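Colleague: I'm new to reading structures like this. Could you walk me through one, feature by feature?

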Amino acid sequence: MTTVTTRTVEYPADGLTMIGHLALPSGTGRRPAVLLGPEGPGLSDVERRRADALAELGYVALAFDLHGGRLLTDPEEMLARCMPLLADPDRMRGIGHAALDVLRAEPRTDPDRIAAVGYGTGGAIGLELGRDGVDLRAIGTVNALTTSRPGEAARIRCPVWAGVGSEDPIMPPAQRDAFTAEMQAAGVDWRLVVYGGALHAFHHPPVDHPVVPGVGHHPRHAQRAWRDVVDLLAECLPVTE
């Protein structure tokens, strides 16, 4: 365990002023870094705690924003913003690049050793950065089996790990198949873990506001998915002094 320093960072993206959460490990030297993307409702304390946990492991971590500092707890409002976003790879890439620029500009970040980890919409943005040819060491996603411009997957330059719940109606088997076919055809080093009995956003603790149908927490698989993400980082982006 290391002492973690955190601060908020503001930056422009998608016509908004985004408010991210930056977590720094102890020490003064450069460290590998993780760009951390949230689910569709946006940046919450769940992602902030995950960034802090990554910093405790020795990573510089930036949990990035999707909605200009807002958490969209109304499912209709969330879908009204996220569905057009998910249908527009260029917008997703713009949001991802803006956050990535902030992370790279942090003096503690080793700019040659960065991974993207994301959940739902945030995971889709990480994948789009890979499809855009960004030099990442790893991409890890949960509930983000998007396939927008399949031919561009050949530009992914790092291993891709993806997790999904077997009972997720938002990421059904046909979508899983399309994603894995895209990765395989592109020659990507990919893995897909299907967590038995889990719904969409199974990794996210229960919330006190309405959610879209098909969402549900699965505590055991949530812990497993986190361990899988940490193992991916340990393999592809080890922390060294």
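Modeller: Let's begin with the word "contact", which means heavy atoms within 4.5 Å. Take the contacts in the protein chain between residues at least 6 apart in sequence: 68% of them join residues at least 24 apart. Keep in mind that this is a predicted model, where local features need pLDDT of at least 70 and side-chain atom pairs count only at pLDDT 80 or more, while totals for chains, interfaces and linings use all residues. Residues are numbered from 1 along each chain as its sequence is written, and side-chain values use heavy atoms, with hydrogens and water left out.

Colleague: How many helices and strands are there in the protein chain?

Modeller: Helices (H or I, at least four residues) and strands (E, at least two) are DSSP runs, numbered from the N terminus. The protein chain has 6 helices and 8 strands. Walk along the sequence and you meet them as β-β-β-α-β-α-α-β-α-β-β-α-β-α. The radius of gyration of the protein chain is 16 Å, close to the 18 Å from the globule rule for 241 residues, so the chain is as compact as a globular protein of that length. That radius is taken over C-alpha atoms, and the globule rule is 2.2 Å times the number of residues to the power 0.38. Along its principal axes, the C-alpha trace spans about 45 × 40 × 35 Å.

Colleague: Which feature does UniProt place at residues 20-235?

Modeller: The unreviewed UniProt entry places "domain: Dienelactone hydrolase" there. UniProt positions follow the numbering used here, feature names are shortened, and annotations may be inferred rather than shown by experiment. Over residues 20-235 the chain is 38% helix and 20% strand, and the end C-alpha atoms sit 26 Å apart.

Colleague: Next up is burial. Is Leu103 buried or exposed?

Modeller: Buried means under 20% relative accessible area, exposed means over 50%, and partly exposed is in between (1.4 Å probe, protein chains only). Leu103 has a relative accessible area of 0%, so this residue is buried. Look for Leu103 in helix α3 (residues 89-105). Leaving aside neighbours within four places in sequence, its contacts are Leu22, Ala33, Val34, Leu35, Val60, Leu62, Thr109 and Ile114. Over the whole protein chain, 51% of the 241 residues count as buried.

Colleague: And what about Pro210, buried or exposed?

Modeller: Pro210 is exposed, with a relative accessible area of 56%. Find Pro210 in the loop between β8 and α6. Pro210 and Asp74 are 136 residues apart along the chain, yet their C-alpha atoms are separated by 6.7 Å. Not counting residues up to four places away in sequence, Pro210 touches Thr73 and Pro75. The loop between β8 (190-195) and α6 (219-236) also holds His204, which counts as buried at 17% relative accessibility. With the same sequence neighbours left out, His204 touches Ser44, Val46, Glu47, Arg50 and His217.

Colleague: I've heard of phi angles. What is phi of Asn143 near?

Modeller: Most residues other than glycine have a negative phi. Phi of Asn143 is near 60°, a positive value in a residue other than glycine. Asn143 lies in the loop between β6 (139-142) and β7 (160-165), and is buried, with a relative accessible area of 1%. Asp14 has a positive phi too, near 55°. Asp14 sits in the loop between β1 (5-13) and β2 (16-24) and is partly exposed at 29% relative accessible area.

Colleague: Last one: pockets. How much space lies in the largest pocket?

Modeller: Rolling a probe the size of a water molecule over the atoms shows where empty space is left. Here, on a 1 Å grid over the protein atoms alone, a pocket is an open set of points where a 1.4 Å probe fits, with protein on both sides within 12 Å along at least five of seven lines; lining residues have an atom within 4 Å of a point. Grid points are joined across faces, edges and corners, and a volume is the space filled by probe spheres set on the points. The largest pocket holds about 800 Å³. Its lining has 42 residues, with Glu39, Gly40, Pro41, Met78 and His200 closest to the centre.

Colleague: Which helix gives the most to that lining?

Modeller: That's α2, with 6 residues. Both α2 (75-86) and α4 (121-131) supply at least two lining residues each. By class, the lining has 22 nonpolar, 16 polar and 4 charged residues. Nonpolar covers Ala, Val, Leu, Ile, Met, Phe, Trp, Tyr, Cys and Pro; charged covers Asp, Glu, Lys and Arg; the others, Gly among them, are polar.
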